[in-house]
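Please look over the following structure, with an eye to its charged side chains and how they pair.

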Amino acid sequence: MIELTPSQIVALKLAKDGDLYPQPANKWTHQNATVTYAKTDRWKERPQKVKSITAKTLGELKEPGLLERRHLDDDASKDVYGITMAGKMWLLKNK
């Protein structure tokens, strides 16, 4: 059984929503991620931040095989990462 920190769990859930792409400042998030508004905010005045993870967290999730590179022929620092079946199973068991 793999124990994950809360930040690693958030990163795994973010990867479950879609592949992670490199961003400036050593961060990773979805491609074309933009500021959104809460669905329950009827005035649309409070923007929600773009969720991102650090490269350190990405590396910690790659080691046990919860995340994997999508395009193995590209440069690893610019490659896309996605959740593996092991990562999906971890989320199902530990929600």
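Glu60 forms a salt bridge with Lys56, with 3.8 Å between the closest N and O atoms, where a salt bridge is a side-chain nitrogen of Lys or Arg within 4 Å of a carboxyl oxygen of Asp or Glu. Both residues lie in helix 2 (residues 55-62), 4 residues apart, about one turn of the helix; helices are DSSP runs of H or I with at least four residues, and strands are runs of E with at least two, numbered from the N terminus. This is a predicted model, in which local features need pLDDT of at least 70 and side-chain atom pairs count only at pLDDT 80 or more, while totals for chains, interfaces and linings use all residues. Residues are numbered from 1 along each chain as its sequence is written, and side-chain values use heavy atoms, with hydrogens and water left out.

By this rule the count comes to 4 salt bridges, and three of the pairs are listed here.

| Pair | Closest N to O distance |
|---|---|
| Glu60 and Lys56 | 3.8 Å |
| Arg70 and Glu68 | 3.0 Å |
| Asp79 and Arg69 | 2.8 Å |

Asp79 lies in the loop between strand 6 (67-69) and strand 7 (81-83) and Arg69 in strand 6, so the pair ties together parts that are 10 residues apart in sequence. Asp79 is buried, at 1% relative accessible area, whereas Arg69 is partly exposed at 23%; buried means under 20%, exposed over 50%, and partly exposed in between, using a 1.4 Å probe and protein chains only. In the helix 2 pair, Lys56 is exposed at 63% relative accessibility, while Glu60 is partly exposed at 30%.
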